Amino acid sequence: MPRTVYVNGEFLPEAEATISVFDRGFLFADAVYEVVSVLGGRLVDFDGHAQRLERSLSELAMPVPLSRDALLEVMRRLTVENGIEDGLIYLQITRGAADRDFAYPDPDTPQTVVLFTQSKPGLADAPAARTGLKVATCPDLRWGRRDIKTVQLLYPSMAKMAAREQGADDAWMVEDGAVTEGTSNNAYIVRGGVIVTRQLGSEILHGITRAAVLRLAREAQMTVEERPFTVEEAQSADEAFVTSASAFVMPVVEIDGRPVADGTPGPVARRLREIYIEESRKAAL
Ligand code: PDD
């Protein structure tokens, strides 16, 4: 079954959907995106993603082309039309198509809005959650505004490939001696019962899953410290894990070839994963 995708106000079979070769998303990565997970046919943390999207657009002086209600309607329709029970919705908004020029085009240039779904049956039961991920570290060579969710993802792709070449599943990026985040997730360690994750700033993406997981951890009386941590601290931690809209809470069991504790998923990560998935299912729209 071909998917139905959304392009600039139309719902079309994927093979009929087109955008211009002059699109600034294509030429300049002049675009922002969001990934929203779907559990049981409903959207997880729609409001959080919509709010971050509006902030990303505003930081790049782009208007918000779709109201929150309209966006929710589009996402719901795609979920239904594509029969998505568990999966992801990808959204991208670009500054639109114009003759190639570094200067932004006329502000009246229509933006490009694209949404599509990816079916991931059993998303919440990913086998990786039982075994945990291996990560390899690399320098963080991304630009300085990682708090804006732009589509400039080449360096994280390169980092992921480099990690795979070393036999790992993903990369953790390191800057000034401290871990910033994973290629497409936020990074955490647990030491002496305390959950440690880097504080918000322009060095990392402000994860929507991160916000929910930290709130749930605090509600469960767990202690959270928001500060940078080093690779050595992570390797000698009791646990490590990552969070994202597509992975939820995912244990990390090895860092640069060194097992974290006994090299199996730890109790804090497992518990947080359980709580997060349960609460997300309840609150999903
Ligand atoms: N990535 N950090 C980075 C660099 C990310 O790309 C992501 C998300 C996160 C986690 O954010 P959230 O919890 O809001 O998903 C952190 C998405 C899933 C992706 O690019 O596919």
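A salt bridge is counted here where a side-chain nitrogen of Lys or Arg lies within 4 Å of a carboxyl oxygen of Asp or Glu. In this model, which is a predicted one, five residues are linked in a network of such bridges, namely Asp140, Arg142, Arg146, Glu175 and Glu181. A search that covers the whole structure finds 22 salt bridges. Side chains of opposite charge can pair when their charged atoms come close.

Three further pairs show how such bridges connect separate parts of the chain. Near the start of the numbering, the side chains of Glu14 and Arg3 meet in a salt bridge, with 2.9 Å from N to O. This pair links distant parts of the chain, since Glu14 belongs to the loop between strand S2 (10–13) and helix H1 (24–28), while Arg3 belongs to the segment before strand S1 (4–7), 11 residues apart. Glu14 is partly exposed, with a relative accessible area of 37%, and Arg3 is likewise described as partly exposed, with a value of 32%.

A second pair joins Glu34 and Arg52, whose closest N and O atoms are 2.8 Å apart. Glu34 lies in strand S3 (residues 31–39) and Arg52 in helix H2 (residues 46–59), so this salt bridge ties together parts that are 18 residues apart in sequence. Are these two residues buried or exposed? A residue counts as buried when its relative accessible area is under 20%; Glu34 has 1% relative accessibility and therefore counts as buried, and Arg52, at 9%, counts as buried as well. The contact between the side chain of Arg52 and the side chain of Glu34 is also a polar contact, at 2.8 Å.

The third pair again involves helix H2, for Arg55 lies in that helix, and its partner Asp147 lies in the loop between strand S7 (133–139) and H5, 92 residues apart from it. The side chains of Arg55 and Asp147 meet in a salt bridge of 2.9 Å, N to O. Arg55 is partly exposed, with a relative accessible area of 33%, whereas Asp147, at 3% relative accessibility, counts as buried.

From these pairs the reader can turn to the open space in the model. Rolling a probe the size of a water molecule over the atoms shows where empty space is left. In the largest pocket, that space comes to about 1,100 Å³. Of the 48 residues that line the largest pocket, Tyr33, Lys149, Thr183, Ser184 and Asn185 are the closest to its centre. Which element gives the most to the lining of the largest pocket? Helix H5 (residues 154–165) does, with 7 residues. Sorted by kind, the residues of the lining divide into 22 nonpolar, 15 polar and 11 charged.

The model also holds a ligand, and 19 residues are found around the ligand, of which Tyr33, Arg52, Glu181, Ile208 and Thr209 come nearest. Some names in that list have already appeared: Arg52 is the helix H2 partner of Glu34, and Glu181 belongs to the salt-bridge network. A polar side-chain atom of Arg52 lies 2.8 Å from an oxygen atom of the ligand. Ile208 approaches the ligand through its backbone, where a polar atom is 2.8 Å from a ligand oxygen atom. Lys149, one of the residues closest to the centre of the largest pocket, has a side-chain N or O atom that is 3.3 Å from a nitrogen atom of the ligand.

Two residues deserve a look for their backbone angles. Most residues other than glycine have a negative phi. Gln221, however, has a positive phi, near 65°, and its place is in the loop between helix H6 (208–219) and strand S12 (223–226). Phe248 also has a positive phi, near 60°, but its place is in strand S14 (residues 248–255). Their surroundings can be set side by side: Gln221 is exposed, with a relative accessible area of 70%, whereas Phe248, at 0% relative accessibility, counts as buried.

A last pair of positions gives a sense of distance across the model. Glu165 is found in helix H5, and at 71% relative accessibility Glu165 counts as exposed. Between Glu165 and Leu216 there are 35 Å in space, C-alpha to C-alpha, and the two are 51 residues apart in sequence.

Definitions and conventions: Residues numbered from 1 in each chain as written. Predicted model: local features only at pLDDT ≥ 70, side-chain atom pairs only at ≥ 80, totals over all residues. Heavy atoms only, no water. 1 Å grid on protein atoms, 1.4 Å probe; cavity = no way out; pocket = protein on both sides within 12 Å on 5 of 7 lines; lining within 4 Å. Points joined across faces, edges and corners; volume = space filled by probe spheres on them. Helix = DSSP H or I, 4+ residues; strand = E, 2+ residues; numbered from the N terminus. Nonpolar A, V, L, I, M, F, W, Y, C, P; charged D, E, K, R; others polar. Buried < 20%, exposed > 50% of the residue type's maximum accessible area, 1.4 Å probe, protein only. Near = heavy atom within 4 Å. Polar contact = N/O pair within 3.5 Å; in protein donor to acceptor, adjacent residues only side chain to side chain.
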